[in-house]
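Me: I would like to learn how to read a structural model feature by feature, with the general idea set out before the particular case. Could we work through one together?

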Amino acid sequence: MATKGASGEAVQRAVLFADVCDSTAIYESLGDEMALALINTLFDKLGSITASHEGIVIKTLGDAVVCQFRDADKAFRAACDMQTAASMLGPRSPTKFAIKISFNYGPVVAKGDDVFGDTVNTCSRLNTLGSPEQVLTTQQTVDALTPGLRVRCRQLYPLKVKGKSQQ
């Protein structure tokens, strides 16, 4: 169990990263204004999905959105809805549109709406390993899901997460 630090409160949270794939190609093919408008449309939709699952959008980092949820089930459902929303936006856009998502559940230090710690760092690293239209998570997170959602997950081969001493 995490302890409370001087600069924040230790809590359990699910952290989710959703990153637009091939954004450089999108900007190049559509132009800056049209690409930004399309990505902002997606971010608005992802924000609505996050709120509908009782989550909070913490921030955007370039072409990625970072969210937090109180439990792993809500993050799981949001991730699925986000993938659906991105695929539905794609056919209406002049270019292929996909996102990759990672989420991780565990202890974080919450300061305002932002969260910090190993759970967040692992989630960020997982996102770099994902592929378009994919959602990655950890075994710890799968274990935190209710049985009905846990059976919807499949285990991948072990991945080495940069900066982590364990797989």
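**Reading the model step by step**

Reply: Let us start with a single residue, Thr122, whose place is in helix H4, residues 118–129. Please keep in mind throughout that this is a predicted model.

Me: Is Thr122 buried or exposed, and at what relative accessibility?

Reply: The cut-off for buried is under 20% relative accessible area, and because Thr122 has 9% relative accessibility, it counts as buried. One can also look at a pair of positions along the chain: Thr122 and Thr137 are 15 residues apart in sequence, and their C-alpha atoms are separated by 9.3 Å.

Me: What does the secondary structure of the protein come to, and which pattern does it follow along the sequence?

Reply: The protein has six helices and six strands, and, read along the sequence, these elements follow the pattern β-α-α-β-β-α-β-β-α-β-α-α. Of the 167 residues in the protein, buried residues make up 43%. As for contacts, among those with a separation of 6 or more, 69% come from residues 24 or more positions apart.

Me: How should I read the packing of two helices, and at what angle do the axes of H1 and H2 cross?

Reply: Two packed helices are described by the angle between their axes and by the distance between the axes. Here the axes of helix H1 (residues 23–30) and helix H2 (residues 32–52) come within 6 Å and cross at roughly 130°, which makes H1 oblique to H2. The crossing in which H1 passes H2 is right-handed.

Me: Which residues make that contact?

Reply: H1 contributes Ser23, Ile26, Tyr27 and Leu30, while H2 contributes Asp32, Met34, Ala35, Leu36, Leu38 and Ile39. Sorted by class, the contact of H1 with H2 has eight nonpolar residues, one polar residue and one charged residue.

Me: Turning to the strands, how many bridges join E1 to E4, and in which sense do they run?

Reply: Strand E1 (residues 9–20) and strand E4 (residues 99–111) run antiparallel and are joined by 12 bridges; to place the register, one may note that Arg13 stands opposite Gly106 in E4. E1 also pairs with strand E3 (residues 64–69), again in the antiparallel sense, over six bridges, and there Phe17 stands opposite Val66 in E3.

Me: Where is the place of His53, and which residues is it in contact with beyond its neighbours in sequence?

Reply: His53 has its place in the loop between H2 and strand E2 (56–61), and since its relative accessibility is 13%, His53 counts as buried. If its neighbours within four places in sequence are left aside, His53 is in contact with Phe69, Lys74, Arg77, Ala78 and Asp81.

Me: Finally, what should I look for in the backbone angles, and which phi does Asp22 have?

Reply: The general expectation is that most residues other than glycine have a negative phi. Asp22, although not a glycine, has a positive phi of about 55°; Asp22 is found in the loop between E1 and H1, and because its relative accessibility is 59%, Asp22 counts as exposed. Glu133 is likewise not a glycine and has a positive phi of about 65°, and Glu133 lies in the loop between H4 and strand E6 (135–136).

Notes
Residues numbered from 1 in each chain as written. Predicted model: local features only at pLDDT ≥ 70, side-chain atom pairs only at ≥ 80, totals over all residues. Heavy atoms only, no water. Axes fitted to C-alpha atoms, helices over the stretch in contact; angles between N-to-C directions. Helix = DSSP H or I, 4+ residues; strand = E, 2+ residues; numbered from the N terminus. Parallel < 35°, antiparallel > 145°, perpendicular 65-115°, else oblique. Left-handed = near helix turned anticlockwise from the far one by under 90°. Contact = heavy atoms within 4.5 Å. Nonpolar A, V, L, I, M, F, W, Y, C, P; charged D, E, K, R; others polar. Pairing = 2+ DSSP bridges. Buried < 20%, exposed > 50% of the residue type's maximum accessible area, 1.4 Å probe, protein only.
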